[in-house]
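Reader: I am new to this structure. Please take a close look at one part of it and describe what lies around it.

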Amino acid sequence: MSLERGRIWKRIEIVGDIAVIPIPFDFEMNELRAYADEVMGKTKVKSVWGRKRDVSGIYRLPTYVHLAGENRSDTIYREHGCSYYLDLRKVFFSEKLSYEHKRIAEKVRPGERVANLFSGFGPISILAYKLRKPAVVYSIDINPYAYYFMMVNVELNSAYGVIPMYGDAFVRLNQLEPLDRIISPLPERDREAYELSMSRLKPGGHLHLFAEVEANRDEDPVSKAMASFPGAVEGRVVRSVNPGKYHVILDIRKNT
Ligand SMILES: C[S@@+](CC[C@H](N)C(=O)[O-])C[C@H]1O[C@@H](n2cnc3c(N)ncnc32)[C@H](O)[C@@H]1O
């Protein structure tokens, strides 16, 4: 196996019965297809897709290219003991956020009224409900496919306290009662989500805000983000987006 192939092999993701290969900028498609055939031969996956690094649009979707096996991108993916039906080409998916899904879900307390503003196919909402038994988790998404998959996933996991809601979270949140906890996993609209969430939380409520922050080499991205969102009590870097730009998750408490 060449050095280049070894590098890609390490980054391959298995999502249910589908293998996803992040497409490097400098790779020939023919070589990638030959590599995908090799993946089909060495694993039990039914289909192999390449994923470009071009996440765009309000649904936050990258471009997928079919490389080998069945021409299908829907599958059942398991994460932290829950099962999720999803289509990689229709809804946002990132296995790298799996740690964050669990970390946030575990913060939820029994009996709480929770809203997840940008819930995708439901990986935080459903896990939080199964682990911590809140009274309700309103799960909003503007992508109709995310709403559809969330409904299926409520059934798949018998998570009947998760209420899927279709539409713009900046409108739908105003239609809900005051909440104990709000989850906001959309770093690109951090400031608006922060302002609205703080106005919709009960006093003493909690906000889990994904924020985007620019920091140079002398600056700590977490301290910088915490300083710009009053009430932040904890933070950690989720990923580096590009040099000098980071996605940070902040846990914020509303005091009054
Ligand atoms: C980064 S994804 C997070 C999905 C999910 N929390 C996860 O970890 O898989 C952001 C989601 O926000 C949704 N979205 C974007 N703008 C929205 C809006 N104004 N209202 C509701 N959902 C929105 C997108 O469709 C997408 O599913």
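Author: Glu195 and its surroundings

Glu195 is partly exposed, with a relative accessible area of 47%; partly exposed means between buried (under 20%) and exposed (over 50%), using a 1.4 Å probe and protein chains only. The model is predicted, so local features need pLDDT of at least 70 and side-chain atom pairs pLDDT 80 or more, while totals for chains, interfaces and linings use all residues. Residues are numbered from 1 along each chain as its sequence is written, and side-chain values use heavy atoms, without hydrogens and water.

Glu195 sits in helix 7, residues 190–200 (a helix is a DSSP run of H or I of at least four residues, a strand a run of E of at least two, both numbered from the N terminus). Between Glu195 and Glu106 there are 24 Å from C-alpha to C-alpha, and 89 residues in sequence.

Glu195 is also the nearest side chain of opposite charge to Lys254, at 10 Å. Lys254 is buried and has no salt bridge (a side-chain nitrogen of Lys or Arg within 4 Å of a carboxyl oxygen of Asp or Glu). Lys and Arg count as positive, Asp and Glu as negative; His and the chain ends are not counted. Lys254 belongs to the segment that follows strand 13 (245–253). Its side chain reaches the backbone oxygen of Leu201 at 2.9 Å.

Methods. Polar contact = N/O pair within 3.5 Å; in protein donor to acceptor, adjacent residues only side chain to side chain.
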